[in-house]
Amino acid sequence: MNKVRAKKALGQHFLTNRSAAHAIAESVLPWQHLPILEIGPGMGMLTQELLDLNLDVYLLEIDTESVDYLKSNFSQFASGERITEGDVLKLPEEQLIPGQPQASFVMIGNYPYNISSQIFFRLLELRDRVPCCAGMLQKEVAERLTAPPGGRDYGILSVLLRCWYDCEYLFTVSELDFDPPPKVKGGVLRLVRNDRRELPVDEGLFKKVVKAAFSQRRKTLRNSLRTLFPEGYDFSDPIFSLRAERLDVEDFIRLTEDYIKTLQ
């Protein structure tokens with residue numbers, strides 16, 4: 001098998017720039033003592049760079065054709081023990097690293113463009129096992145996930161990721177460095193687990209407040225949260241004159257604390 005056919009339904013755009021692949025692989029070197037789980041390896045451009053750095057690589061691939069290609073072209077995966085065929089969004093977490101159901105691991109990949117945001121919601125579920133996550137997304141999505149408060153890129157997933165990770169945009173990759181070329185550039189990010197182990201408020205209510213705040217992001221919090229807080233609530237606190245994009249994690253925690261008081 002010489003080549004895998006890229007499948008639009010799977011959001012496949014295979015990276016062809018070896019220098020970019022090497023830089024992505026190097027971004028996780030501080031965690032080289034941990035297993036590395038590559039999501040959607042395709043034809044193994046990034047895989048080879050990870051192996052060349054002597055990292056402990058495991059693969060997760062949903063495309064049967066890619067699985068066959070990787071087994072045929074990489075001796076490390078010929079036995080199938082280090083490659084799992086499955087969907088990262090659905091596979092039980094104890095099956096992500098074969099034989100190591102509770103081990104911490106690094107997540108990396110040229111992530112499928114059609115499910116890139118969902119992958120990072122899954123990362124939030126795995127946060128206590130994943131101290132570092134790096135890889136490629138559409139540039140605009142990578143910018144959104146790593147955006148600090150204050151701009152239009154900052155949104156719900158930005159806030160949720162910043163609760164648990166320090167988020168960094170690393171570099172941009174040309175659309176010409178993929179086969180087939182997508183219509184947008186790629187953006188490489190790295191997320192590193194921070195010291196927070198739990199929120200001081202109920203996590204479900206925190207998410208509810210964040211989602212409500214961004215539901216009408218052009219409006220001030222006084223308006224976007226009016227349907228969440230009880231009728232007659234005093235919105236005189238200056239924070240309610242701001243838009244959601246101006247608030248950091250600690251601000252949303254305080255809003256959630258205010259909301260919880262209305263439920264008691």
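## Pairing of β2, β5 and β6

In this predicted model, Ile36 of strand β2 has Val106 as its bridge partner in β5. A further pair in this register is Glu38 with Ile108 of β5. Strands β2 (residues 36-39) and β5 (residues 106-110) run parallel and are joined by four bridges. With β6, strand β5 likewise forms four bridges in the parallel sense; here Met107 is found opposite Cys133 of β6.

Strand β5 is largely enclosed by the rest of the structure, because five of its five residues are buried. In a regular strand, side chains alternate between the two faces of the sheet. For β5, Val106, Ile108 and Asn110 lie on one side and Met107 and Gly109 on the other, and both faces are covered.

## The sheet and the helices upon it

The open sheet to which these strands belong has seven members, ordered β4-β3-β2-β5-β6-β9-β7, with mixed pairing. The edge positions are taken by β4 (83-85) and β7 (165-173); each has a single partner strand, so one side of each is left without a neighbour in the sheet. On average, and with direction ignored, neighbouring strands are turned by 20° against each other.

Helix α1 (residues 18-26) packs on this sheet, where it touches β5, β6 (132-138), β7 and β9 (186-193). The direction of α1 makes about 170° with that of β7. Helix α3 (residues 64-73) also packs on the sheet, with contacts to β3 (57-61) and β4. Between the directions of α3 and β4 the angle is about 160°.

## Helix α2 and the loop that follows

Helix α2 (residues 45-52) has six of its eight residues buried, so this helix is largely enclosed by the rest of the structure. The buried positions are Met45, Leu46, Thr47, Glu49, Leu50 and Leu51. Their cover includes β1 (14-15), α1, β2, β3 and β5.

Asn54 occupies the loop between α2 and β3. Its phi is near 60°, a positive value in a residue other than glycine. Most residues other than glycine have a negative phi. With a relative accessible area of 69%, Asn54 is exposed, in contrast to the buried residues of α2.

## A cis peptide bond before β9

A second backbone feature concerns the peptide bond from Asp179 to Pro180, which is cis, with omega near -5°. Most peptide bonds are trans. Pro180 is located in the loop between β8 (178-179) and β9.

## Packing of α6 against α4 and α7

Two packed helices are described by the angle between their axes and the distance between the axes. Helix α4 (residues 116-125) and helix α6 (residues 156-164) pack at about 30°, their axes being 10 Å apart, and their crossing is left-handed. From α4, the residues in contact are Ser117, Phe120, Phe121, Leu123 and Leu124; from α6, they are Leu157, Leu160, Leu161 and Trp164. Classified by residue type, this contact comprises eight nonpolar residues, one polar residue and no charged residues.

Helix α6 also packs with α7 (residues 203-214): the axes come within 9 Å and cross at roughly 145°, in a right-handed sense. On the α6 side, Ile156, Val159, Leu160, Cys163 and Trp164 take part, and on the α7 side Glu203, Phe206, Lys207, Val210, Lys211 and Phe214. The class composition is eight nonpolar, no polar and three charged residues. Leu160 and Trp164 of α6 thus appear in the contact with α4 and in the contact with α7.

## Nonpolar cores

The largest nonpolar core contains 58 residues, and Phe120, Phe206 and Phe252 have the most contacts inside it. Two of these residues were named above: Phe120 in the contact of α4 with α6, and Phe206 in that of α6 with α7. Leaving aside residues up to four places away in sequence, Phe206 touches Val159, Leu160, Cys163, Leu199, Val201, Val249, Phe252, Ile253 and Thr256.

A second, separate core has 31 residues, among them Val106, Ile108, Cys132 and Met136. Val106 and Ile108 are the β5 residues that bridge to Ile36 and Glu38, respectively.

Note on methods: Residues are numbered from 1 along each chain as its sequence is written. This is a predicted model: local features need pLDDT of at least 70, side-chain atom pairs count only at pLDDT 80 or more; totals for chains, interfaces and linings use all residues. Side-chain values use heavy atoms; hydrogens and water are left out. Axes are lines fitted to C-alpha atoms, for helices over the stretch in contact, and angles run from 0 to 180 degrees between N-to-C directions. Helices (H or I, at least four residues) and strands (E, at least two) are DSSP runs, numbered from the N terminus. A crossing is left-handed if the near helix is turned anticlockwise from the far one by less than a right angle, and right-handed if clockwise. Contact means heavy atoms within 4.5 Å. Ala, Val, Leu, Ile, Met, Phe, Trp, Tyr, Cys and Pro count as nonpolar, Asp, Glu, Lys and Arg as charged, and the others, Gly among them, as polar. Two strands pair if DSSP finds at least two bridges between them. A nonpolar core is a set of buried Ala, Val, Leu, Ile, Met, Phe, Trp, Tyr and Cys residues joined through side-chain atoms within 4.5 Å. Buried means under 20% relative accessible area, exposed over 50%, partly exposed in between (1.4 Å probe, protein chains only).
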